[in-house]
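Trainee: I would be grateful for a close look at a single part of this protein. Could you please take one helix and explain how its residues are placed?

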Amino acid sequence: MDEGKKVFKNVLIAILIGGIVFFIGTQFFTLTQSSLIGSVAFLVALWTNEALPLGVVSLMPIILFPALGIISTKETTVNYAHPIIYLFLGGFLLAIAVEKTKLHIRITDKILNIFPSTPRAMILSLAITSGLLSSILSNTTTTLLLITIALFITDNTQLKLRFALAIAYGANIGGILTPIGTPPNLILLGIMESHNMEAIPFFQWMVMVAPLCLIMIVAMSWLLGIGVKGVEISREAVVDKLTADQKKVTYVLLALITLLIFNAPIKPYWDGLGLSESGILLGFGLLMFLPPFNILEWLEDHNKIPYAIIMLFGAGFSIAKAFVETGLADEIATYLLDMTMLPPLILLFSIAFIITFSTEITSNTALISIMLPVIYSVSEQAGINTVLFMMVATLCASYAFMLPIATPPNAIAMSSGAVRVKDMIRYGIILNLLGIFFIVMIAEYFWKGVFFN
């Protein structure tokens, strides 16, 4: 089929999907809310069938949302300058510096010396590394630091895909291991405090969640390892000594990781330094242009920044803002109140399913901020364990693997060029369902018996 006709066909399909979702939505929501879910369906369809470039589709909310009366142009565009975008920008600059100095070759060599040089071993090692780092650093920062290394290990496109997803998914999985690993965890503790509920101690949290993280890391690594048996990973000879530029970047990365660790609060023992993580990452990224480093040059290196992914982040934040402003998030949450008559296990599965798939198209932080107070009310009315249900919802908010706008690590994996939306959906839907199942089973048969009896 001619390329132009194919694009036209895929755009029409996306419009049709958006229209169908809009008309279905009018049966349950207001006109504005239906316009929003129709627009989101249209955008997701375009992201999926790749009819238009990623950046072009990601800028469409600026036109669609004001035109359909969802939110204003100002309310939409401000999300394309969200503070977290500058965290990504700083991380991208550091990743470019690592690649330019070929430091990732040295780091890769060290990894390959520890683990067997097989695809399955590499997938597991990258997932474990990403998961452990994400428990103390943000999952966004972890993915940015590791993604360049993963892509260098092999030239095989199928392995690049799996390695990039192993890092992104590993960061999502590992972020829940500690209360400080991801924002929804901190929101849960804050809401518990506001309701005078006893906080979950740091160590107890880790004991509760560690089995889930382990099971999901193993399951994810096994899934990504299907079909790569027998594929070889070639090794290049690596010189023994670091170059001067490699040493500079190494010192910067070590200083960055140290600062991020000390900046992270560990309640109630350490309040952290209180510095903006976005400011830290951007500052360290800009250092690469300044003496005595002089690693990057703007005219030469700025075109390596994945601006389309930055636009994608803006689209995700705009969708999250629209969900809140139109009241659609609250409207969806109220449907949970009608489910309190279900058996507790079915209710637990229902909440896990709703949260997991809702966070695919909106910010997990925004979603959990809206949903936890509602889940608190639902569980109190139903006479079921409040902490158990809130904990399940919180973890499910981080376990979204299908779409690049679901979590920052997913979007960063897309920025690598090794992952397409179709690939992410193909693996992600299986991991979503596995995550729901494992979270509910562990909550029902481990947490309930040991911690919430």
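Mentor: The following account begins with the whole chain, turns to the chosen helix, and ends with a single residue elsewhere.

The model is predicted. Its protein chain contains 22 helices and zero strands. Of the 453 residues in the protein chain, 54% are buried. Among contacts in the protein chain with a separation of 6 or more, 77% are between residues 24 or more positions apart. The chain exposes about 19,500 Å², and 67% of this area is supplied by carbon and sulfur atoms.

The part chosen for the close look is helix 1, which covers residues 3–25 and has 23 residues. From its first C-alpha to its last, helix 1 reaches 33 Å, close to the 33 Å expected at 1.5 Å a residue. Which residues of helix 1 are buried? They are Asn 10, Ala 14, Gly 18 and Gly 25. An α-helix has 3.6 residues a turn, so residues three or four places apart point the same way. The buried residues of helix 1 pack against helix 2, which covers residues 31–49.

For a single residue in another helix, consider Thr 386, which lies in helix 20 (residues 386–398). Is Thr 386 buried or exposed? Its relative accessible area is 8%, and the limit for a buried residue is under 20%, so Thr 386 is buried. Leaving aside residues up to four places away in sequence, Thr 386 touches Met 197, Tyr 376, Ser 379 and Glu 380.

Conventions:
Residues are numbered from 1 along each chain as its sequence is written. This is a predicted model: local features need pLDDT of at least 70, side-chain atom pairs count only at pLDDT 80 or more; totals for chains, interfaces and linings use all residues. Side-chain values use heavy atoms; hydrogens and water are left out. Helices (H or I, at least four residues) and strands (E, at least two) are DSSP runs, numbered from the N terminus. The expected span of a helix is 1.5 Å times one less than its number of residues. Buried means under 20% relative accessible area, exposed over 50%, partly exposed in between (1.4 Å probe, protein chains only). Contact means heavy atoms within 4.5 Å. Accessible areas come from the Shrake-Rupley method with a 1.4 Å probe; for residues, only the protein chains shown count as cover.
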